[in-house]
Amino acid sequence: MSQQAVIETEKLTKRYHDFVAVDKLNLRIDEGEVFGFLGPNGAGKTTTILMLLGLTEPTSGTARVYGYDPIREPLKVKRIVGYMPEKIGFYDDLTARENLDYTAWLNGLSREEAARKMSELLEMVGLAKDAEKKVGKFSHGMKQRLGIADVMIKDPKVAFFDEPTSGIDPEGVDQILSLITDMARKKMTVVLSSHQLHLVQKVCNRVGILAKGHLVLEGSVEQLGRESLGGGKFRIQLQVADPATKLIDAIKSINGVIDVESSNDLLLVSCNDDLRPQVARAVVDSGSLLVQMKIEEYGLEEIYLKYFRES
Ligand SMILES: Nc1ncnc2c1ncn2[C@@H]1O[C@H](COP(=O)(O)OP(=O)(O)O)[C@@H](O)[C@H]1O
Ligand SMILES: [Mg+2]
């Protein structure tokens, strides 16, 4: 039997008058995945999330969350999902703990359970010291971390984070992403939307890239790299003074090399492992002089740029 899909959409479509924001989207996300829902601003990520949460109605097509229809069975869906919106709203005049307490109350947690969870979560997101401070005084990053705690307090089975890293400094980004992925390890399913591909790709098992309401690419980062760019996961670029004719053949014969391209003194080696030592050895053995060498690992950024350059 196949695993139950946590999220499944079929031809999910949202139109605003004549404008199609989400266009026949077919998406499946399985339990325990950290799914990166990526794409430029305006691609339709937030609209899709809102349809999955039952906060906006699809124009056509279907959405299911653990088999429930968010429009017909909104309470069933709300009970199992957590959602951190792009612009988190907290009560500025309440403290961090009071804000969490309110969420706990809304979700029907007992007083003891709420107190225990709040302390645990405030500690986890690094806000234990600031628990009694008013949220109005919090930085953007602190509010985002409180937002994560706020999502976690109800122990959702699936959590949606809409642009959780936007406006956060690089250090804060790592902190937020590792908090989110730590949670995912507890068998929670996470959907992470972002237009910042380079930041998010490292924490996702699988990504879907949305453009103009269409899912244009979907798969693991590595798989996408291979499929859409051709060649291997790594690309070694080397400059060789007077490359000997035998050199290209020698590099091609290295175990793990997929392809070698050359133009003048530049060679591009495509491979699935970091083969720099072997390549350097081949250059030296051929009697050529290695001027420089660098390696690039394909990331989504390249895939994304390639896709959007072509489309
Ligand atoms: N309530 C709305 N009314 C009209 N157009 C909307 C509305 N919400 C979103 N849109 C449009 O739909 C497109 C997708 O928006 P959105 O889902 O917010 O994209 P993303 O989250 O990927 O940046 C955008 O062009 C946006 O302007
Ligand atoms: Mg958005």
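Here's a quick tour of this structure, from the whole chain down to one strand and one loop residue. Keep in mind that the model is predicted. The chain has 311 residues, and 39% of them count as buried. It holds 11 helices and 13 strands.

**The whole chain**
- Measured out along the principal axes, the C-alpha atoms fit a box of roughly 75 × 45 × 40 Å.
- Take the contacts between residues at least 6 apart in sequence: 70% of these link residues at least 24 apart.

**Strand S5 and its partner**
- Strand S5 covers residues 81-84, and it's buried on both faces.
- Val-81 and Tyr-83 sit on one side, while Gly-82 and Met-84 sit on the other.
- That split fits a general pattern: side chains in a regular strand alternate between the two faces of the sheet.
- S5 pairs with strand S6 (residues 158-162), running parallel to it, with four bridges between them.
- If you want to find the pairing in the 3D view, look for Gly-82, whose bridge partner in S6 is Ala-159.

**Asp-274, a loop residue**
- Asp-274 lies in the loop that links strand S12 (266-271) to helix H10 (276-285).
- Is Asp-274 buried or exposed? It falls in between: Asp-274 counts as partly exposed because 14 other C-beta atoms lie within 10 Å, whereas being buried would take 20 or more.
- Leaving aside residues up to four places away in sequence, Asp-274 touches Phe-234 and Ile-295.
- Val-257 is 17 residues from Asp-274 along the chain, and their C-alpha atoms are 9.8 Å apart.

Methods: Residues numbered from 1 in each chain as written. Chains lettered and ligands numbered in written order. Predicted model: local features only at pLDDT ≥ 70, side-chain atom pairs only at ≥ 80, totals over all residues. Buried ≥ 20, exposed ≤ 12 C-beta atoms within 10 Å, placed from the backbone. Helix = DSSP H or I, 4+ residues; strand = E, 2+ residues; numbered from the N terminus. Pairing = 2+ DSSP bridges. Contact = placed C-beta atoms within 7 Å.
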